[in-house]
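Trainee: I keep meeting labels such as "buried" and "salt bridge" and would like to see how they are earned. Could we go through some together?

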Amino acid sequence: MSTQTTLASAAIHVVGQYNDAGKTLVGAYRTGVHRLLGGAASRYSNFLGSRQIPLVSEQIKANLIGAQEKVNGFLANRLDIDTSRIVSVMDRVAAGTTSGIETVAGRVARVESPVATSVLNTLNAINQPIATVSVQIADRIAAGAKQIETRVAGVDSDIAKPVRTVKAKVAAAKKPVRRAAARKAA
């Protein structure tokens, strides 16, 4: 039953790729939020430092900047804790799914009935192209997630291409329908 092994390994590969893609996207989210928090903190401190605000002394400005840094630190810490928990859950789900696939594949491999083996071989032959396409899709999704991570991280590479701007077409304005005319038509 080498086909069964191939289907099981394809399913395990797909689960692994989706798990990797999910973890990559969570990492990209974490990086993006950290960049956002850092940028906001920088703009806030630059704003306060460069302005002469009436009734606000240098000590109050320093206190405001310190408070903002504490808030950013709290948010960054919560982000790291929460995304770590998400990654942990994703790993547990992937491990459970992989274990289930391996268990089913092991039980199917023990089938000794000629009729059941014939049916399984037919089902495997039908599902093998689908498994191959699923593996290719999973590989592309994982690669796409890595491209997103690269873009969010701000790292220049051959993979990160500039985002294409798509102009939306403006829908033509419809003439308003008068209620009296609508009632007569009905």
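Mentor: Happily! Keep in mind that this is a predicted model. Ask away.

Trainee: Why is V133 called partly exposed?

Mentor: Its relative accessible area is 43%. Buried needs a value under 20% and exposed one over 50%, so V133, at 43%, falls in between and counts as partly exposed.

Trainee: What makes V133 eligible for a surface patch?

Mentor: A patch residue must have over 30% relative accessible area. V133 has 43%, so it passes that cut-off. V133 joins Y18, I137 and I141 in a nonpolar patch with about 330 Å² of accessible area together.

Trainee: Which helix gives the most to the nonpolar patch?

Mentor: That is helix α3, residues 114–153, with three residues. V133 is found in helix α3.

Trainee: Now to charges. How do you know that R30 and D80 form a salt bridge?

Mentor: Look at the nitrogen-to-oxygen distance, which is 3.9 Å for R30 and D80. The cut-off is within 4 Å, so the pair qualifies. In general, side chains of opposite charge can pair when their charged atoms come close.

Trainee: What does the pair of R30 and D80 tie together?

Mentor: R30 lies in helix α1 (residues 2–50) and D80 in helix α2 (residues 58–109), so the salt bridge links parts that are 50 residues apart in sequence. R30 is partly exposed at 25%, and D80 is partly exposed at 28%.

Trainee: How many salt bridges does the structure hold?

Mentor: Four. One of them joins E58 and K61, with the closest N and O atoms 3.7 Å apart. Both residues lie in helix α2, three residues apart, about one turn of the helix.

Trainee: Are E58 and K61 buried or exposed?

Mentor: E58 has 54% relative accessibility, which is over 50%, so E58 counts as exposed. K61 has 4%, which is under 20%, so K61 is buried.

Trainee: What makes D82 and R78 a salt bridge?

Mentor: Their closest N and O atoms are 2.7 Å apart. That is within 4 Å, so the pair meets the definition. D82 and R78 both lie in helix α2, four residues apart, about one turn of the helix.

Trainee: Let me try the last step. D82 has 33% and R78 has 31%. These values lie between 20% and 50%, so D82 and R78 are partly exposed.

Mentor: Nicely reasoned!

Key: Residues numbered from 1 in each chain as written. Predicted model: local features only at pLDDT ≥ 70, side-chain atom pairs only at ≥ 80, totals over all residues. Heavy atoms only, no water. Patch = residues over 30% accessible without salt bridge, like charges linked within 9 Å, V, L, I, M, F, W, Y side chains within 5 Å. Areas by Shrake-Rupley, 256 points an atom, 1.4 Å probe, with all protein chains shown as cover. Salt bridge = Lys/Arg side-chain N within 4 Å of Asp/Glu carboxyl O. Helix = DSSP H or I, 4+ residues; strand = E, 2+ residues; numbered from the N terminus. Buried < 20%, exposed > 50% of the residue type's maximum accessible area, 1.4 Å probe, protein only.
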